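Biologist: I'm new to this one, so could you walk me through it with a few questions and answers?
Modeller: Happy to, let's put it on the screen and start with a single residue.

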Amino acid sequence: MTPLEILTLLITLVGVFFIVVSSIGLVRLPDLYTRVHAGGKSGTLGIIGVLLGAGIFFISDLRIVFKMLLLIAFFFITAPVAAHMLDRAAFLTGVKPMEDTTPNELAGRYDPETRQLS
Amino acid sequence: MIWLNLLLALTWVMITGASGIVDWIIGLVFGFVILWLSWRSFFDEPFTLRRYLQLRTRNPLLTIWRWLRFIGFGFVEIVKSNIAMARAVLAPKLQIKPGIVAIPLDVQSDAGITTLANLITLTPGTVTLDVSSDRKTLYIHTFSVGDPEQLRRRTKAEFERRVLELLP
């Protein structure tokens with residue numbers, strides 16, 4: 001193996017590790033809100049690892065490297081928004097947080113009719 | 001906002017991989033159309049040529065440096081957050097004490113609130129749930145509440161200060 005291949009492999013492995021952690025988290029964690037933590041966070045470093053691995057393997061073609069960096073940037077903009085929308089939709093439709101969620105400063109703050117949040 | 005147009009043109013040239021003069025012109029035209037179409041969602045005011053040509057940033061290098069520093073800070077926080085997450089998930093016994101905490105906001109602009117909310121989601125132990133309709137409070141779900149007061153203080157001092165520096 002060339003050094004480039006080894007580097008690619010290492011970085012991709014780190015990425016895959018965090019994606020696995022993310023999946024384990026989805027199974028192990030107790031409620032939707034904590035599961036969103038697992039999906040929305042460990043996913044990010046996993047995606048960085050995999051995309052960066054691809055970028056480094058094709059480092060001689062700067063177009064591909066740039067595209068990978070751009071993909072990472074877009075992922076950082078969209079992944080937190082997805083996590084936030086999931087959490088918000090769950091809260092609005094009455095998914096209960098796990099039992100010892102204290103404090104719960106959001107409880108009762110939504111207007112059930114208009115969905116305005118005070 | 002002519003800077004933004006140049007940035008979009010650069011992106012176009014990098015993606016297509018052709019850097020002749022014609023490609024730059026195509027990039028500039030596309031960038032202009034994109035800016036023109038999405039003007040209202042950025043600036044809350046109708047498109048004017050004067051506003052477009054205005055070089056609002058007095059010191060572009062300083063702005064670029066601040067953004068780079070901000071991205072670097074965010075990246076370090078993301079790595080920390082992922083390691084903390086891996087530890088929590090792989091621990092033999094789950095030790096989590098979730099809570100939902102309200103945080104008062106000082107940032108005013110849409111872009112500022114969005115950036116802060118995204119940063120909070122990507123940093124250790126916290127996910128943004130929602131922003132209040134009057135845009136003065138952010139609700140965040142946290143993995144392990146110690147002291148809610150301390151979490152509020154830390155978020156404001158570490159994250160909001162940095163966002164305020166870039167976007168009011």
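Biologist: Is His84(A) buried or exposed?
Modeller: Bear in mind that this is a predicted model. His84(A) sits in helix α3 of chain A. Its relative accessible area is 18%, and the cut-off for buried is under 20%. So His84(A) counts as buried.

Biologist: Which residues does His84(A) touch, leaving out those up to four places away in sequence?
Modeller: Not Thr12(A), I'd say, as the C-alpha atoms of His84(A) and Thr12(A) are separated by 27 Å. Those two are 72 residues apart along the chain. The contacts of His84(A) are in chain B: Thr128(B), Leu129(B) and Asp130(B).

Biologist: How far apart are the end C-alpha atoms of α3 in chain A?
Modeller: Helix α3 of chain A covers residues 62-92, which is 31 residues. At 1.5 Å a residue, it should span 45 Å. The model agrees with that, as the end C-alpha atoms are apart by 45 Å.

Biologist: What do the buried residues of α3(A) pack against?
Modeller: The buried residues of α3(A) include Val65(A), Phe66(A), Ile72(A), Phe76(A) and Phe91(A). In chain A, the buried residues of this helix pack against α2 (32-57). In chain B, they pack against α1 (2-16), α5 (60-90), β1 (99-104), α6 (110-122) and β2 (126-131).

Biologist: Which residue with a positive phi follows α3(A)?
Modeller: Look just past the helix for a phi near 85°. That residue is Gly94(A).

Biologist: On to the sheet in chain B: which strands stand at its edges?
Modeller: Three strands form an open, antiparallel sheet in chain B, in the order β1-β3-β2. Each edge strand has a single partner, so one side of it is left without a neighbour in the sheet. On average, neighbouring strands are turned by 30° against each other, direction ignored. The edge strands are β1 and β2 of chain B.

Biologist: How many bridges pair β1(B) with β3(B)?
Modeller: The two strands pair in the antiparallel sense. Gly99(B) stands opposite Thr142(B), and Val101(B) has Ile140(B) as its bridge partner. The number of bridges between β1(B) and β3(B) is six.

Biologist: And how many bridges join β2(B) to β3(B)?
Modeller: These two strands also run antiparallel, with Asp130(B) opposite Tyr139(B). They form a hairpin with five residues between them, and Arg135(B) in the turn has a positive phi of about 60°. The number of bridges joining β2(B) to β3(B) is five.

Biologist: How many residues of β3(B) are buried?
Modeller: In a regular strand the side chains alternate between the two faces of the sheet. Here Thr137(B), Tyr139(B) and His141(B) point one way, while Leu138(B), Ile140(B) and Thr142(B) point the other way. Residues on both sides are buried. The count for β3(B) is six of its six residues.

Biologist: At what angle does α2(A) run to β2(B)?
Modeller: Helix α2(A) lies across β2 and β3 of chain B. Its angle to β2(B) is about 110°.

Biologist: Where does α6(B) pack?
Modeller: The direction of α6(B) makes about 150° with that of β2(B). This helix packs on the sheet, touching β2 and β3 of chain B.

Biologist: Now the charges: which residues do shared salt bridges join into one network?
Modeller: Side chains of opposite charge can pair when their charged atoms come close. Lys156(B) forms a salt bridge with Asp106(B), the closest N and O atoms being 3.4 Å apart, and Glu160(B) forms one with Lys156(B) at 2.7 Å. Glu160(B) and Lys156(B) both lie in helix α7 of chain B, four residues apart. The network joins Asp106(B), Lys156(B) and Glu160(B).

Biologist: Is Glu160(B) buried or exposed?
Modeller: Its salt-bridge partner Lys156(B) counts as partly exposed at 24% relative accessibility, and so does Asp106(B) at 46%. Glu160(B) has a relative accessible area of 3%, and the cut-off for buried is under 20%. So Glu160(B) is buried.

Biologist: How many salt bridges does a search of the whole structure find?
Modeller: Another one of them links Arg63(A) and Asp61(A), with the closest N and O atoms 3.7 Å apart. Arg63(A) is partly exposed at 38%, and Asp61(A) is partly exposed at 25%. Over all chains, the search finds eight.

How values were computed:
Residues are numbered from 1 along each chain as its sequence is written. Chains are lettered from A and ligands numbered from 1 in the order in which they are written. This is a predicted model: local features need pLDDT of at least 70, side-chain atom pairs count only at pLDDT 80 or more; totals for chains, interfaces and linings use all residues. Side-chain values use heavy atoms; hydrogens and water are left out. The expected span of a helix is 1.5 Å times one less than its number of residues. Buried means under 20% relative accessible area, exposed over 50%, partly exposed in between (1.4 Å probe, protein chains only). Contact means heavy atoms within 4.5 Å. Two strands pair if DSSP finds at least two bridges between them. Axes are lines fitted to C-alpha atoms, for helices over the stretch in contact, and angles run from 0 to 180 degrees between N-to-C directions. A salt bridge is a side-chain nitrogen of Lys or Arg within 4 Å of a carboxyl oxygen of Asp or Glu.
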